[in-house]
Amino acid sequence: MLGAQAQAQPAVASRSLPAGAGAAGAEEAAGPVTPPARTPGPGTPTTAHLRISEGQVGEVGPGGTLIYPSVTSCLTVTVRLQDGGKVGAHASLFQVPGEYRSDRILAAVKQRIGARGVRAVEVRGAVGAWHPSYFTKAIESYAEGEQVPVPTEPDPGGLVRVVADALGEPRGKVTVEDLPDGDQTVD
């Protein structure tokens, strides 16, 4: 169905949750995440549509569509490449077991882009739920009793700065849009 190069790519968790723990237990059980053994490099996917779930990174070629399901407290990052392809990431506030944490997902996007030219970067989703620092230190990585930063108001400028810096792109290429809950489709 999907070509190997076009599938969304997860990280490999260093440990897993007990059976039945679900997403609610992710905050307690999430440990450090190691990069996948086989990190995808830049390629030319042929898939027309790709579904990217929480904690995943994927890519479609020119004319392809990215689908981000159930974006509620998440942010999506879509990189529009010069050749018309798109690299996408579905960043979750709390790590989904076996997928990228919020502080590892932008590095995976940057690696996926490689040396290819970037036309634009679009950040969409629950902007008010995200402190920009979640892209540099995931909520799960704070020790018990350590103060986790909580956003007091939306900070689109902070998100632009963190995303642009992590991807090595000028801030003028990054836009941020607060979107209500639901699926996102990017053509």
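**Entry 1. Nonpolar core**

I looked first for the largest nonpolar core in this predicted model. That core holds 30 residues, and Val 77, Val 79, Phe 135 and Val 163 have the most contacts inside it. I then listed the elements that give two or more residues to this core, and they are E6, E7, H2, E8 and H3. Helix H3 gives the most, with six residues.

I took Phe 135 as a residue to follow. Leaving out residues up to four places away in sequence, I found that Phe 135 touches Leu 75, Val 77, Ala 91, Ser 102, Asp 103, Ile 105, Leu 106, Trp 130, Leu 159, Val 162 and Val 163. Another core, of eight residues, lies apart from the one above; Leu 66, Tyr 68, Val 71 and Cys 74 are among its members. For background I noted that nonpolar side chains tend to be buried together in soluble globular proteins.

**Entry 2. Overall composition**

I counted the secondary structure of the protein as three helices and 10 strands. Read from the N terminus, the elements follow the pattern β-α-β-β-β-β-β-β-α-β-α-β-β. The protein has 187 residues, of which 48% count as buried. I recorded an accessible surface of about 8800 Å², with 53% of it belonging to carbon and sulfur atoms. Among contacts with a separation of 6 or more, 69% come from residues 24 or more positions apart.

**Entry 3. Five-stranded sheet**

I traced an open sheet of five strands in the order E4-E7-E6-E8-E9, and its pairing is mixed. Strand E4 (57-60) and strand E9 (174-178) stand at the edges; each has a single partner strand, so one side of each has no neighbour in the sheet. The twist from one strand to the next averages 20°.

I examined two of the pairings. Strand E6 (residues 75-81) and strand E8 (residues 118-125) are antiparallel and share seven bridges. Within this pairing, Thr 78 has Glu 122 in E8 as its bridge partner. E4 and E7 also run antiparallel, joined by four bridges, and Val 57 stands opposite Ala 89 in E7.

Are the faces of edge strand E4 covered or uncovered? I found both covered: Val 57 and Glu 59 on one side, and Gly 58 and Val 60 on the other, are all buried.

**Entry 4. Helices on the sheet**

I checked which strands the helices cross. Helix H2 (residues 105-113) lies across E4, E6, strand E7 (86-91) and E8, and runs at about 170° to E7. Helix H3 (residues 156-167) lies across E6, E8 and E9, at about 140° to E9.

**Entry 5. Salt bridges**

My search of the whole structure gave 10 salt bridges. I looked up three of them.

- Glu 59 pairs with Arg 116, with the closest N and O atoms 2.6 Å apart. This pair links distant parts of the chain, since Glu 59 is in strand E4 and Arg 116 is in the loop between H2 and E8, 57 residues apart. Glu 59 has a relative accessible area of 1% and is buried.
- Arg 124 pairs with Glu 177, with the closest N and O atoms 3.4 Å apart. Arg 124 lies in strand E8 and Glu 177 in strand E9, so the pair ties together parts that are 53 residues apart in sequence. Glu 177 is partly exposed, at 38% relative accessible area.
- Arg 104 pairs with Asp 103, with the closest N and O atoms 4.0 Å apart. Arg 104 is partly exposed at 31% relative accessibility, whereas Asp 103 is buried at 17%.

Which residues are linked in a network of salt bridges? I found Arg 80, Glu 122, Arg 124 and Glu 177. Glu 122 is the bridge partner of Thr 78 noted under the five-stranded sheet.

**Entry 6. Three-stranded sheet**

I found an open sheet of three strands in the order E3-E5-E10, again with mixed pairing. Strand E3 (49-51) and strand E10 (182-186) are at the edges; because each has a single partner strand, one side of each is left without a neighbour in the sheet. The average twist from one strand to the next is 20°.

Strand E5 (residues 65-71) runs antiparallel to E10, and four bridges join them. Tyr 68 has Gln 184 in E10 as its bridge partner. Tyr 68 is also one of the residues in the core of eight.

Definitions and conventions. Residues are numbered from 1 along each chain as its sequence is written. This is a predicted model: local features need pLDDT of at least 70, side-chain atom pairs count only at pLDDT 80 or more; totals for chains, interfaces and linings use all residues. Side-chain values use heavy atoms; hydrogens and water are left out. Two strands pair if DSSP finds at least two bridges between them. Axes are lines fitted to C-alpha atoms, for helices over the stretch in contact, and angles run from 0 to 180 degrees between N-to-C directions. Contact means heavy atoms within 4.5 Å. A nonpolar core is a set of buried Ala, Val, Leu, Ile, Met, Phe, Trp, Tyr and Cys residues joined through side-chain atoms within 4.5 Å. Buried means under 20% relative accessible area, exposed over 50%, partly exposed in between (1.4 Å probe, protein chains only). Accessible areas come from the Shrake-Rupley method with a 1.4 Å probe; for residues, only the protein chains shown count as cover. A salt bridge is a side-chain nitrogen of Lys or Arg within 4 Å of a carboxyl oxygen of Asp or Glu.
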